[in-house]
Amino acid sequence: MALAVGMRVLTRALLRPWARGLRVAPGRTGPAAGGGDGMRCFGSPRVLVEPDPAAGVAVVKMRNPPVNSLSLEFLTELLISLEKLENDKTFHGIILTSDCPGIFSAGLDLTEMCGRKPEHYVEYWKAVQETWLRFYLSNLVVIAAINGVSPAGGCLLSLTCDYRVLANNPKYTIGLNETLLGIVAPFWFKDTMVNTIGHRATERALQLGLLFPPAEALRVGVVDQVVPEDQVQSTARSVMAQWLAIPDHARQLTKTLMRKPTADRLLTERDADIQTFVRFICRDSVQKSLHAYLEKLKQKKG
Ligand SMILES: CCCCC/C=C\C/C=C\C/C=C/C(=O)SCCNC(=O)CCNC(=O)[C@H](O)C(C)(C)COP(=O)(O)OP(=O)(O)OC[C@H]1O[C@@H](n2cnc3c(N)ncnc32)[C@H](O)[C@@H]1OP(=O)(O)O
């Protein structure tokens with residue numbers, strides 16, 4: 001039932017004008033294309049997929065410049081790529097990384113949550129929910145190669161992965177910083193963090209809107225490994241090999257066992273969660289906070 005609802009959201013998204021023609025954008029043969037067996041990079045304008053069929057792995061590169069903000073279009077393209085890889089028996093694992101220098105993802109796109117109509121907020125929030133559910137419950141091994149800063153929704157996306165490797169650069173902070181924007185991390189953001197670092201550490205991190213630099217992120221457990229910047233991709237590949245050595249069915253069932261209760265909470269409260277989001281985001285005070293935050297970002301330059 002829940003899956004059917006998810007499929008409807010995805011199908012509706014695919015029917016949108018900007019989503020047409022996104023299914024396959026054939027490109028150059030990928031550098032990771034498994035010894036020239038002819039499998040090409042594919043993807044969409046904002047998501048580049050570099051397949052390595054010999055290894056059963058695809059590198060999914062987010063490229064929604066300037067900051068990989070998770071816009072509706074970008075989320076839809078990510079979902080399409082994920083679905084395509086999940087439906088292809090060649091692939092058992094994904095490495096999720098960024099093609100935008102210094103930025104993994106700036107999180108949810110603030111322009112999707114500012115000055116829009118309630119119907120838009122409903123549509124956007126459905127896509128955010130769907131992305132979280134799909135990545136969190138994916139049967140594939142998903143490893144985040146975090147090669148840049150990763151606040152809020154960017155951090156959440158990495159938390160849906162099975163393992164996180166972060167580049168050791170003090171600028172590459174990671175965390176759920178929603179309170180700094182005058183907004184609140186929804187319960188399933190919070191649950192995902194609790195499942196990763198525990199209740200007390202989450203309580204502190206979320207209330208203070210902490211963005212952890214690499215050493216702190218490793219200490220608290222937001223990431224599993226911190227490595228020199230030029231070793232992020234190779235480390236993600238080695239870790240992937242380790243995870244893929246485990247019998248797939250046993251690993252998948254264990255992942256489901258661990259994650260399903262958390263996902264079920266959103267699945268059963270999905271509509272209520274949308275209403276909560278829309279009510280919250282439509283408040284004058286919240287809109288003012290978000291506008292002010294966006295303005296601050298823009299003024300930073302000048
Ligand atoms: C109890 C009830 C609970 C109900 C729940 C309700 C609500 C909660 C809802 C949602 C949770 C929210 C989750 C989020 O993810 S919110 C987004 C949080 N993200 C951030 O705080 C990051 C903001 N960005 C930055 O800090 C910096 O941009 C950066 C990522 C560190 C990069 O810095 P850099 O100097 O390289 O770039 P710029 O700052 O100059 O940015 C370039 C350009 O991008 C625009 N931009 C940046 N971030 C975003 C964004 N998230 N969305 C949209 N646009 C963004 C920025 O404004 C610049 O634009 P310009 O036009 O000036 O070029």
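This report describes the strand pairing, burial and helix packing of a predicted model.

## Overall composition

The protein chain contains eleven helices and ten strands. Of its 302 residues, 42% are buried. Among contacts between residues at least 6 apart in sequence, 70% join residues at least 24 apart.

## Strand E3 and its hairpin with E2

Strand E3 spans residues 57-62 and is mostly covered, with six of its six residues buried. Val57, Val59 and Lys61 point one way from the strand, while Ala58, Val60 and Met62 point the other way. The residues of both sets are buried.

Strand E2, residues 47-52, runs antiparallel to E3 and is joined to it by six bridges. Within this pairing, leucine 48 stands opposite lysine 61 of E3. The hairpin formed by E2 and E3 has four residues between the strands, and glycine 56 in this hairpin adopts a positive phi near 75°.

## Strand E4 and its two neighbours

All six residues of strand E4 (residues 93-98) are buried, so the strand is largely enclosed by the rest of the structure. Both of its faces are covered. Gly93, Ile95 and Thr97 lie on one side, and Ile94, Leu96 and Ser98 lie on the other.

E4 pairs with E3 in parallel through six bridges. Lysine 61, which also stands opposite leucine 48 in the E2 pairing, has threonine 97 opposite it in E4. The bridge partner of valine 60 in E4 is leucine 96. Helix H2, residues 72-86, combines with E3 and E4 in a right-handed β-α-β unit.

E4 is also joined to strand E6 (residues 141-146), in this case by four bridges and again with the strands running parallel. In this pairing, isoleucine 95 of E4 stands opposite isoleucine 143 of E6. Isoleucine 95 belongs to the face of E4 that also carries Gly93 and Thr97.

## The three-stranded sheet

Three strands form an open sheet in the order E5-E7-E9, with parallel pairing. Its edge strands are E5 (102-103) and E9 (174-175), each of which pairs on one side only.

E5 is joined to strand E7, residues 148-151, by two bridges, and the two strands run parallel. Here isoleucine 103 stands opposite valine 149 of E7.

## Packing of helices H5 and H6

Helix H5 covers residues 187-197 and helix H6 covers residues 199-208. Their axes come within 7 Å and cross at roughly 130°. An angle from 65 to 115 degrees would count as roughly perpendicular and one over 145 as roughly antiparallel; the crossing of H5 and H6 is therefore oblique. The crossing is right-handed.

H5 contributes Lys190, Met193, Val194 and Ile197 to the contact. From H6, the contact residues are His199, Ala201, Thr202, Ala205 and Leu206.

## Summary of the pairing pattern

E3 takes part in two pairings, antiparallel with E2 and parallel with E4. E4 in turn runs parallel to E6. Each of the six residues of E3 is buried, as is each of the six residues of E4. In the open sheet E5-E7-E9, the pairing is parallel.

How values were computed: Residues numbered from 1 in each chain as written. Predicted model: local features only at pLDDT ≥ 70, side-chain atom pairs only at ≥ 80, totals over all residues. Buried ≥ 20, exposed ≤ 12 C-beta atoms within 10 Å, placed from the backbone. Pairing = 2+ DSSP bridges. Right-handed = clockwise from strand over helix to strand, strands pointing away. Axes fitted to C-alpha atoms, helices over the stretch in contact; angles between N-to-C directions. Parallel < 35°, antiparallel > 145°, perpendicular 65-115°, else oblique. Left-handed = near helix turned anticlockwise from the far one by under 90°. Contact = placed C-beta atoms within 7 Å.
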